[in-house]
Amino acid sequence: MTQQNDPSLPAEPAGALPPGTRIVTTAELFGGAGEIVVLHNGTPYRLRITRQDKLILTK
């Protein structure tokens, strides 16, 4: 996992994230796929990358 102080990540404004917040890149999360399923309280949610390179989360 990527840490908040990783120099390859864009700098966040001071105070934008609480200390210790875990940051994950989409490359790490998706592993080259265009869509993943996230389970939240037993309910599957689809997270996908659009053609316009945006993220869409659907139930």
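This section describes the secondary structure, strand pairing and selected residues of a predicted protein model.

The protein contains one helix and three strands, and these elements follow one another from the N terminus in the sequence α-β-β-β. Of its 59 residues, 12% are classed as buried. The accessible surface amounts to about 5,000 Å², and carbon and sulfur atoms contribute 54% of that area. When contacts are restricted to residues at least 6 apart in sequence, 8% of them connect residues at least 24 apart.

Helix 1 covers residues 26-30, strand 1 covers residues 35-40, and the loop between these two elements includes A33. A33 is partly exposed, its relative accessible area being 36%. With respect to I49, which lies 16 residues away along the chain, the C-alpha to C-alpha separation of A33 is 8.8 Å. I49 falls within strand 2, which comprises residues 43-49.

The three strands are arranged in an open sheet with the order 1-2-3, and their pairing is antiparallel. The edges of this sheet are occupied by strand 1 and by strand 3 (55-58); each has a single partner strand, so one side of each lacks a neighbour in the sheet. From one strand to the next, the twist averages 25°. In general, the strands of a sheet are paired through backbone hydrogen bonds, in either a parallel or an antiparallel manner.

The pairing of strand 1 with strand 2 is antiparallel and extends over six bridges. Within this pairing, H40 has T43 of strand 2 as its bridge partner, and L39 is placed opposite P44, also in strand 2. The two strands form a hairpin in which two residues separate them. One residue of the turn is N41, for which phi is positive at about 50°. This positive value occurs in a residue other than glycine. N41 belongs to the loop between strand 1 and strand 2, and with a relative accessibility of 71% it is counted as exposed. The cut-off for that class is over 50% relative accessible area, so the value of 71% places N41 in the exposed class.

Strand 2 and strand 3 are likewise paired in the antiparallel sense, here over four bridges. R48 is bridged to I56 in strand 3, while R46 stands opposite T58 of strand 3. The hairpin of strand 2 and strand 3 has five residues between the strands, and D53 adopts a positive phi near 65° in it. As with N41, the residue concerned is not a glycine: D53 shows this positive phi of about 65° nonetheless. D53 is located in the loop between strand 2 and strand 3 and is exposed, with a relative accessible area of 64%.

A search of the whole structure for salt bridges returns one. This interaction joins the side chains of E35 and R46, with an N to O distance of 2.8 Å. E35 lies in strand 1 and R46 in strand 2, so the pair ties together parts of the chain that are eleven residues apart in sequence. Both ends of the salt bridge are partly exposed: the relative accessible area is 36% for E35 and 38% for R46. These values lie between the limit for buried residues, under 20%, and the limit for exposed residues, over 50%, and the two residues are therefore assigned to the partly exposed class. R46 thus takes part in the salt bridge with E35 of strand 1 and also stands opposite T58 in strand 3.

Notes: Residues are numbered from 1 along each chain as its sequence is written. This is a predicted model: local features need pLDDT of at least 70, side-chain atom pairs count only at pLDDT 80 or more; totals for chains, interfaces and linings use all residues. Side-chain values use heavy atoms; hydrogens and water are left out. Buried means under 20% relative accessible area, exposed over 50%, partly exposed in between (1.4 Å probe, protein chains only). Contact means heavy atoms within 4.5 Å. Accessible areas come from the Shrake-Rupley method with a 1.4 Å probe; for residues, only the protein chains shown count as cover. A salt bridge is a side-chain nitrogen of Lys or Arg within 4 Å of a carboxyl oxygen of Asp or Glu. Two strands pair if DSSP finds at least two bridges between them. Axes are lines fitted to C-alpha atoms, for helices over the stretch in contact, and angles run from 0 to 180 degrees between N-to-C directions.
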